[in-house]
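Here are my notes on the model, set out as numbered points for a colleague who has the coordinates open. They take up charged pairs, then one helix, then aromatic contacts.

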Amino acid sequence: MRISKKTQYGLRAMVYLAKCLSKKKICPIKEISKKEKIPLSFLEKIFSKLEKANLVKAKKGIGGGYFLAKKPEKIKIGQIVESLEGKTNLVRCLRYFCPMSKKCSAKIFWQKLNRVIRSALDSVTLADLIRQKE
């Protein structure tokens, strides 16, 4: 499994927003881009996906920016990854029909590994990441 740059940047931006929340602050996207060294145009696309997934909200106008749609304790890393990567499976055959499905000895292994990774992603929240850093 490979995590894209988009998801790496998205997670960093979400951690940054979670820290802004602790200061009761709405964060301008340009500030996040500068502090996290994420290209602005790329970050705009990332936030668009995160907003569609209802993980962040935007405030328009002067003093505007982004903020978390939920408390950091309620946002699992798996939700962030899925909103940016889509539903992920390690191997294609777990998502699409595979003619070898009934005969495949490895399928059970791939299913189990997929569940373990999903469980790991869903066991950590943004709040956990902030606590680790401090």
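1. A search of the whole structure, which is a predicted model, returns four salt bridges. One of them joins the side chains of R12 and E36, with an N to O distance of 3.1 Å. This pair links distant parts of the chain, since R12 belongs to helix 1 (residues 5-22) and E36 to helix 2 (residues 29-36), and the two residues are 24 apart. R12 itself is partly exposed, at a relative accessible area of 33%.

2. A further salt bridge is formed by the side chains of D122 and R118, at 3.3 Å from N to O. Here both partners sit in helix 5 (residues 107-122), four residues apart, or about one turn of the helix. In general, an α-helix has 3.6 residues a turn, so residues three or four places apart point the same way. Both side chains are partly exposed, D122 with a relative accessibility of 28% and R118 with 26%.

3. The salt bridge between R131 and D128 has an N to O distance of 2.5 Å, and it too lies within one helix, namely helix 6 (residues 126-133), where the partners are three residues apart, about one turn. R131 is exposed, at 52% relative accessibility, whereas D128 is partly exposed, at 22%. Elsewhere, salt bridges that share partners connect E82, R118 and D122 in one network, and the D122 to R118 contact of the previous point should be read with that in view.

4. Helix 3 (residues 40-52) comprises 13 residues and spans 18 Å from its first C-alpha to its last, which is close to the 18 Å expected at 1.5 Å a residue. Its buried residues are L43, I46, F47 and L50. Seen down the helix axis, the buried residues of helix 3 fall within an arc of 100°, so they line one face of the helix. The face turned away from this buried side carries K45 and K52, both exposed. After helix 3 comes N54, which has a positive phi near 60°.

5. What of the aromatic residues, and how many aromatic pairs are there? The count comes to three aromatic pairs. In one of them, Y9 and F42 meet edge-to-face, with 5.6 Å between the ring centres and 75° between the planes. Because Y9 lies in helix 1 and F42 in helix 3, this pair ties together parts that are 33 residues apart in sequence. Its two members differ in their accessibility class: Y9 is buried, at 12% relative accessibility, while F42 is partly exposed, at 27%.

6. Another aromatic pair, F47 with Y66, is stacked, with a distance of 4.4 Å centre to centre and an angle of 10° between the planes. F47 is in helix 3 and Y66 in strand 2 (residues 65-68), so the contact ties together parts that are 19 residues apart in sequence. Both rings belong to buried residues, F47 having a relative accessible area of 0% and Y66 a relative accessibility of 14%. F47 therefore appears twice in this note, as a member of the buried set of helix 3 and as a partner in the stacked pair, with its 0% relative accessible area placing it under the 20% cut-off for buried residues.

Terms used:
Residues are numbered from 1 along each chain as its sequence is written. This is a predicted model: local features need pLDDT of at least 70, side-chain atom pairs count only at pLDDT 80 or more; totals for chains, interfaces and linings use all residues. Side-chain values use heavy atoms; hydrogens and water are left out. Buried means under 20% relative accessible area, exposed over 50%, partly exposed in between (1.4 Å probe, protein chains only). The expected span of a helix is 1.5 Å times one less than its number of residues. The arc is that of the directions from the helix axis to the C-beta atoms. Rings of Phe, Tyr and Trp (its six-membered ring) pair if their centres lie within 6.5 Å; planes under 30 degrees apart count as stacked, over 60 as edge-to-face and the rest as tilted.
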